[in-house]
Amino acid sequence: MKRHTHLLVAAACTAALTLTACSASDDAVSGAGAGNTGAANDGPAVDGGTLKIGLDRPFAKLDPADGTLTSMPMMVLANALYDPLMVNGDNGAVQPYLAKSFTPNADATVWTLDLHEGVKFGDGKPLDAQAVADHVTRLAKPESKCACAIDAATIGATTVSGPTTLTFTLKAPDAAFPNIFTRSLGYVSEAPAGDSPAVGSGPYTVESVQPGVSVTLTRNPAYWGAKGHADKLVYRVLTDTDSRYQSLRSGDTDLIWTETPGQLKQAAADGLRSATGPGGTTTMVFNTASAPFDDVRVRRAVQYAIDREALEKVVSLDQGAVSDGPIGSRSPYRTAAGYPAHDPAKARDLLAESGHPDLAFDYLVDSRPEGQQRATVIQQMLGEAGIKVTIKPLDAAGLGTAMLQRKFQVIDFPTSMFGDTDTALTNLYLSNSPYNFMSWSDPETSKAIAEGRASTDPAKRAAAYQQAARRIVGEVPMAFLTENTVGFLAGAKVGGLPDLSKRTVLNVSPAPLWVKR
């Protein structure tokens, strides 16, 4: 079994909370499944050639410290350069990859990490326990500017106890601690020298790079696992959604990321293949620190006024599903959160009761076509309940700045964060989290999340998280809209596409993909 195939397939191979490496079946590696089209007849893998990949956003540097590189659409680049310690599998599972095992003590305050032996960075230096400790220390420092520093701050001490063994002593119990090693903290690398890329242990190394424009990678001849199929990978930044799709149709590109329902619906008719899953959620975030959204009745009124089923049909074109809370449809903690049904009359009653019968607010939204369309439909729905919405589109940078600075009344928030329930609940809803964009504080929710995070009993953790989810839905710091299908489209010549239909985080490596001749 090829080691890099763990990035593409999940195996339910965890025993209690001890995470140990295991392999998945060759049938799963072939890409057959409901989450992709046409891959069942790929035939034998083909080595050689160049795989051309279109990226949906620019990158500033090739370093795991850069959150752009470890965003879900960009992990197809990150996974070529850096092996992750842990990977996301089916139904929210997290399993080892570069790690051999990740084991807690009885109360999940001390975790022991064992690595595979013989792993080397692309420059030949050993990737050992000390290298992992150095990587975590580097990204924890403020100068790294890594968003993962908040996760690293939960570690009280790191001790290297052998060439391939180290322990993390945490400041508080955390039964989901391995989850934070699926992205930046887990992409173990040597620090970059000047403008040079950080050095990883992945199946490919950098031949040339133009930050924000393109990067060419070549196969790593000393890779510790099975080699990648393509001789070269050429990535081009193609930020325009339509241009990226047309580049794929014309054959200028072999593989692209898409979140556009129209493209997902059209792909098969255009002879394209797909590898997609429920990796995105759209929500509306309320600024609960300022009137009128400091009043839960106003927030509930907006919640009642939105017809999520209609929104999914009109905007998502039946390519996704409605979202009913912070625990997604593929999460192991899944349960109904009691989301209220569409009721404009109830919305008007709540507004009258709260003293805001003529509610009006500015809605900051994504300037891309999907965001604009979603906002327009919501504007019409809220208008039926007597709510006046002024749509104010912003680009991604402007939207992010407004959110981080809490300079908004209501803001559009499409995100992949809910793919990992443990991390999403902790980062979004605890009052002291920098990602609590709602400025919302609720002791009951915080207590339930803390109890769930600390519990080594999966059933007790699920019960605690479900309690938190019901509270979040009832208090409405954000309104949940749709769960969206996202992922990759590929040309007919691309083989080895993975089945992502059960994934909550679409973590894909290009190494097992090939170009047919």
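Contact here means heavy atoms within 4.5 Å. The model is predicted. By that criterion, D422 touches A176, N179, Y333, R453, R461 and Y465, leaving out residues up to four places away in sequence. D422 sits in helix 12, which spans residues 421–429. Its relative accessibility is 5%, so D422 counts as buried.

The largest nonpolar core contains 61 residues. Those with the most contacts inside this core are M284, V302, F361, Y363, L382, I387 and Y429. The element giving the most to the core is helix 14 (residues 458–475), with six residues. Another core lies apart from this one. That second core has 39 residues, among them L55, L81, A490 and V505.

M284 has a long contact list. Beyond four places in sequence, M284 touches V302, I306, F361, Y363, I378, V410, I411, M478, A479 and L481. T283 lies in strand 13, residues 273–286. T283 counts as buried because its relative accessibility is 0%. Contacts of T283 are made with I411, D412, F413, F418, M478, A479, F480 and L481, again not counting residues up to four places away in sequence.

Helix 7 (residues 296–305) meets helix 14. The two axes come within 8 Å and cross at roughly 90 degrees. Helix 7 is therefore roughly perpendicular to helix 14. On the helix 7 side, the contact involves V296, R299, R300 and Q303. On the helix 14 side, V473, G474 and E475 take part. By class, the residues of this contact are two nonpolar, two polar and three charged.

W440 shares partners with that region. R299 and E475, both in the contact of helix 7 with helix 14, are also in contact with W440. The other partners of W440 are T288, Y429, S431, T445, I472 and P477, with neighbours within four places in sequence left aside. Of these, Y429 is listed among the residues with the most contacts inside the largest core. W440 belongs to the loop between helix 12 and helix 13 (443–454). At 5% relative accessibility, W440 counts as buried. A289 is 151 residues from W440 in sequence, but the C-alpha to C-alpha separation is 7.2 Å.

The loop between strand 13 and helix 7 holds P292. A cis peptide bond joins A291 to P292, with omega about 0 degrees.

Helix 8 covers residues 308–315. Its buried residues are R308, L311, E312 and V315. These residues span an arc of only 100 degrees around the axis, so they lie on the same side of helix 8. Their cover includes helix 6 (261–266), strand 14 (321–322), helix 10 (369–384) and strand 18 (478–490).

Helix 11, residues 396–404, also has a buried face. L399, A402 and M403 are buried. Seen down the axis, the buried residues of helix 11 fall within an arc of 100 degrees, so they line one face of the helix. A397 and L404 are exposed on the other side of helix 11. The buried residues pack against strand 15 (360–366), strand 16 (388–394) and strand 17 (410–415).

R406 follows helix 11. This residue is placed in the loop between helix 11 and strand 17. R406 is not a glycine, yet its phi is positive, near 60 degrees. With a relative accessible area of 24%, R406 is partly exposed.

K145 has a positive phi of about 55 degrees, although K145 is not a glycine either. The residue is found in the loop between helix 3 (129–140) and helix 4 (149–152). K145 counts as exposed because its relative accessibility is 75%.

S101 is in strand 5, residues 99–104. At 11% relative accessibility, S101 counts as buried. From S101 to S439, the separation is 338 residues in sequence and 38 Å in space, C-alpha to C-alpha.

Terms used
Residues numbered from 1 in each chain as written. Predicted model: local features only at pLDDT ≥ 70, side-chain atom pairs only at ≥ 80, totals over all residues. Heavy atoms only, no water. Core = buried A, V, L, I, M, F, W, Y, C linked by side-chain atoms within 4.5 Å. Buried < 20%, exposed > 50% of the residue type's maximum accessible area, 1.4 Å probe, protein only. Helix = DSSP H or I, 4+ residues; strand = E, 2+ residues; numbered from the N terminus. Axes fitted to C-alpha atoms, helices over the stretch in contact; angles between N-to-C directions. Parallel < 35°, antiparallel > 145°, perpendicular 65-115°, else oblique. Nonpolar A, V, L, I, M, F, W, Y, C, P; charged D, E, K, R; others polar. Arc of directions from axis to C-beta.
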